[in-house]
Amino acid sequence: MNRVEARVKVTGLATYAAEYPVEGVTYAYPVQSRIAKGRVTRVDASRALTMPGVLGVLSVEDPPELAEDADGELALFQSRDVAYRGQLIAVAVADTYENARAAADAVRVSYEPADHDVGLRADHPGLYRPEVVNPDYPADTERGDVEAGLAEAAATIDVTYTTPVEHNNPMEPHAALALWDGDGRLLVYDSTQGTSSDRETIAKTLGLPASHVRVVSRHVGGGFGCKGSTRPHAVLAALAARAVGRPVKVALTRQQMFDVTGYRTPTIQRLRLGADADGRLTALEHVAYEQSSTLVEFAEQTATPARVMYATPALRTAHRLVRLDVATPSWMRAPGECPGMYALESAMDELAYAAGLDPVELRVRNDPETEPESGLPFSSRNLVGCLREGARRFGWDRRDPEPGVRREGEWLVGTGVAASSYPARRRPSKAAATVRDGDFHVQVAAADIGTGARTALTRIAAETLGVAPDRVHVELGDSDLPDAPVAGGSMGTASWGSAVVRACEELMKNGSEGHADTTGEIATDSRLARHAFGAQFAEVRVSEVTGEVRVSRLLGVFAAGHIVDAKLARSQFIGGMTMGLGMALMEETHTDEEFGGFLRRDLAQYHVPACADVQHIEVVWLDEQDERLNPMGSKGIGEIGIVGTAAAIGNAVHHATGLRVRNLPITPAKILMARF
Amino acid sequence: MDITLQVNGVPRAVDVDPRMSLLDLLRERLGLIGAKKGCDHGQCGACTVLIDGRRANSCLALAVAVDGSEVTTVEGLAGGDGLHPLQEAFIEHDAFQCGYCTPGQLCSAAGMLGEPGPSAVTDDVLVDPDLTPAEIRERMSGNLCRCGAYVNIVSAISEVAR
């Protein structure tokens with residue numbers, strides 16, 4: 001169905017965080033560290049404070065009161081130590097945006113710099129094994145004897161892939177508008193993927209009871225993970241508003257977003273695979289090297305897909321982390337699964353060539369009966385079905401596996417395949433449903449960051465109640481509504497939808513209202529391996545003259561349980577695949593080794609796919625009945641679309657050119673450098 | 001500085017800071033939040049409006065430089081209470097997800113439909129080309145969409161261009 005908020009979005013009336021009309025609003029503009037490591041010796045705001053309209057400057061010179069156990073990225077102005085270039089170290093507040101910006105520019109900061117270390121290397125002496133990787137997986141797993149498996153294999157590969165720092169770059173820059181009332185209660189309009197958790201974190205950071213904080217986030221201009229955790233701008237707005245006694249708006253610039261809103265960690269990934277003469281895996285080892293900051297440990301689950309994907313008698317996965325003088329990495333669409341599957345699915349393609357097997361056939365032959373690492377049965381697994389259906393639709397049977405032989409003028413043409421996978425989880429959520437004047441009102445503190453949550457929940461409620469969707473009104477995006485988990489981990493619809501179904505069921509029983517809390521229901525979920533699967537096929541054209549790669553065709557076939565709404569689902573899958581195309585060919589933030597921080601801090605230098613980059617994308621899904629997921633029988637679809645796309649494109653580039661580019665993104669320079 | 005301009009057909013007289021962009025004037029002073037700030041550097045197109053009928057990035061125009069101009073934002077695109085055909089088509093084709101780039105996409109598409117002449121992908125530059133999907137993709141590449149709705153944006157615009 002069409003999005004329920006479609007009309008306000010196309011007429012410019014949908015209100016995002018920075019856009020609420022607030023009487024007497026003032027503006028805050030942050031000051032960022034110009035060194036990567038060291039100490040702030042002095043913040044001189046004397047000139048800034050004399051400038052027109054300036055209401056105040058906050059910094060470590062007069063540290064605002066915060067909870068002692070505040071998260072390292074949120075403990076603003078509490079310490080003179082600098083953890084990374086770009087860290088927020090002061091803020092200027094003024095009556096207008098222009099005055100605040102000018103005042104921030106006039107704040108003089110003196111430093112005592114120290115030597116910094118911002119480079120991730122697989123031989124870094126600081127590497128260690130984290131306790132767990134995001135969100136709560138063991139860092140290492142080992143079953144069977146990998147060395148023995150490799151020794152007995154008929155075909156082996158030992159390859160290293162790297163992926164760069166990538167930035168989420170939602171179109172709406174992070175913004176917060178903070179208002180304190182006379183009783184010490186705080187209202188924050190924040191661009192967040194979860195008002196319940198944002199409220200908790202903001203309250204904890206400020207040392208307030210959660211009941212004193214309300215977060216409202218009715219429309220969010222994309223997030224892809226970087227609005228999933230509370231970011232410093234929200235705390236900054238609250239502190240500034242408290243200091244000047246007026247409402248304060250903070251809208252980060254695109255450049256500031258690169259520094260303080262999280263990013264996808266760079267990875268170095270070594271894969272060793274062995275297969276017997278029939279193409280059956282004898283060993284699979286996946287070791288990932290990643291970075292975090294000195295402030296907070298964030299360890300991404302890069303090697304976890306190998307625990308799910310293929311049957312093998314010997315399986316080892318490991319994560320090693322090093323703490324550098326960098327900002328803390330965070331969630332970006334399918335953290336872990338996305339870069340991990342890029343490397344695994346590229347390696348599987350290399351193994352197919354080494355073993356002389358078709359890459360679709362190699363994957364089919366190694367499809368496991370149960371989840372390889374845990375031994376748990378799958379609630380449903382239709383990877384083989386996706387591969388077969390995709391191969392049929394894509395014309396895979398006509399493919400000549402020989403690389404580098406198809407030419408149309410200056411263009412070399414090739415095709416590639418890769419598998420997709422993403423966990424199908426759900427978390428406890430509350431919801432309420434009431435009936436008024438014959439219409440049904442559903443409340444849940446969910447977030448619609450563009451996923452279509454408002455529409456999907458409307459449809460789920462309508463189907464449960466047996467009424468037309470236009471009689472259902474879903475209210476979300478407000479922490480005053482029943483508590484709900486964050487829009488992340490492809491868990492939104494499954495989590496909120498479960499609670500909405502239960503609330504509506506109760507309403508039908510008593511005829512007036514229903515309240516649900518799915519904590520108990522989820523605690524008794526049976527132990528099963530629950531994942532969505534998919535297969536992606538790509539056709540690329542690579543210019544021999546310029547090295548440019550054009551993706552002429554993408555096909556995604558997914559098995560993701562019951563699809564709640566076909567129109568929204570197709571958009572989600574296409575959107576994920578489009579971002580995957582960006583990952584494959586263009587997205588990369590350079591770390592500035594000399595000065596710390598990042599280079600390419602805007603959209604002219606950090607390229608995301610533009611309209612002309614996206615040609616033909618086709619998406620289909622298999623009808624999958626899985627009653628053991630949630631009341632809807634659905635699996636999350638927000639992230640699986642991006643998982644596998646980059647590998648499919650990379651494999652197609654190899655098929656077109658004969659070159660293996662193992663370092664994303666696959667830029668023209670890398671193609672040309674390899675050829676000459 | 002005092003300036004006057006027509007915004008969606010309504011004359012507006014405002015005293016503006018000479019550092020203020022047209023985008024900030026619309027959003028922070030005139031209460032028109034349709035034009036979005038995505039980059040403030042003319043790199044994303046979310047702030048696209050029509051200035052005297054031509055599409056332009058309002059973040060790159062200083063407010064004082066549009067004194068006397070006629071500005072149309074997404075709020076005024078339909079020219080009344082109904083929806084512009086592009087707005088209808090965007091809804092039907094699900095040509096947006098988060099909606100933040102959408103006002104810019106719509107204003108850009110409305111401007112683009114009125115722009116004659118060849119583009120970088122036109123084969124015969126002596127003839128006004130048909131707005132094929134390839135032409136639309138090329139001409140709409142100043143408007144980024146991070147949700148990745150391009151496939152649907154092109155089909156929506158194609159329907160209106162027909």
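Ser59(A) has Ala90(A) as its bridge partner in β5(A). Start from that pair in this predicted model. Ala90(A) belongs to strand β5 of chain A, residues 88-94. Its neighbour β3(A) covers residues 54-59. The two strands run antiparallel, and five bridges join them. How many residues of β3(A) are buried? Six of its six are, so the strand is mostly covered by the criterion of 20 or more other C-beta atoms within 10 Å.

Step back to the surrounding stretch of chain A. The UniProt record, an unreviewed entry, places "domain: Aldehyde oxidase/xanthine dehydrogenase a/b hammerhead" at residues 11-115 of chain A. Over residues 11-115 the chain is 33% strand and 13% helix. The C-alpha atoms at the two ends of that stretch are 52 Å apart.

Now move further along chain A, to a sheet. It is open and has five strands. Their order is β18-β19-β24-β25-β28, and the pairing is mixed. Which strands stand at the edges? They are β18(A), residues 407-408, and β28(A), residues 616-621. Each has a single partner strand, so one side of each is left without a neighbour in the sheet.

Within the sheet, look at β24(A) and β25(A). Strand β24(A) spans residues 531-543, and β25(A) spans residues 549-559. They pair in the antiparallel sense over 10 bridges. In this pairing, Glu539(A) stands opposite Arg553(A) of β25(A). A helix also meets these strands. Helix α15(A), residues 645-657, lies across β19(A), β24(A) and β25(A). Strand β19(A) covers residues 411-423, and α15(A) runs at about 155° to it.

The domain assignment puts this sheet in context. Domain 1 of chain A is built from two segments, 378-424 and 530-676. Domain 2 of chain A takes residues 430-523. Their centres, taken over C-alpha atoms, are separated by 33 Å. The contact between them draws 16 residues from domain 1 of chain A and 13 residues from domain 2 of chain A. On the domain 1 side, nine of these residues are nonpolar, five are polar and two are charged.

Turn to chain B. Its assignment gives domain 1 at 2-76 and domain 2 at 85-161. Here 22 Å separate the two centres, again over C-alpha atoms. Domain 1 of chain B brings 14 residues to the contact, and domain 2 of chain B brings 13 residues. Which strands each supply at least two residues to the domain 1 side? They are β3(B), residues 48-51, and β4(B), residues 54-57. Strand β3(B) gives the most, with three residues. By class, that side of domain 1 of chain B has seven nonpolar, four polar and three charged residues.

Finally, bring the chains together. The contact takes 48 residues from chain B and 47 residues from chain A. On the chain B side, the elements giving two or more residues are α1 (22-29), α2 (85-92), α3 (102-113), α4 (133-139) and α5 (150-161) of chain B. Which of them gives the most? Helix α5(B) does, with five residues. The side of chain B that touches chain A divides into 23 nonpolar, 13 polar and 12 charged residues.

Key
Residues are numbered from 1 along each chain as its sequence is written. Chains are lettered from A and ligands numbered from 1 in the order in which they are written. This is a predicted model: local features need pLDDT of at least 70, side-chain atom pairs count only at pLDDT 80 or more; totals for chains, interfaces and linings use all residues. UniProt positions are given in the numbering used here, feature names are shortened, and annotations may be inferred rather than shown by experiment. Helices (H or I, at least four residues) and strands (E, at least two) are DSSP runs, numbered from the N terminus. A residue is buried if 20 or more other C-beta atoms lie within 10 Å of its own, exposed if 12 or fewer, and partly exposed in between; C-beta atoms are placed from the backbone. Two strands pair if DSSP finds at least two bridges between them. Two residues are in contact if their C-beta atoms, placed from the backbone, lie within 7 Å. Axes are lines fitted to C-alpha atoms, for helices over the stretch in contact, and angles run from 0 to 180 degrees between N-to-C directions. Domain bounds come from an automatic or database domain assignment. Ala, Val, Leu, Ile, Met, Phe, Trp, Tyr, Cys and Pro count as nonpolar, Asp, Glu, Lys and Arg as charged, and the others, Gly among them, as polar.
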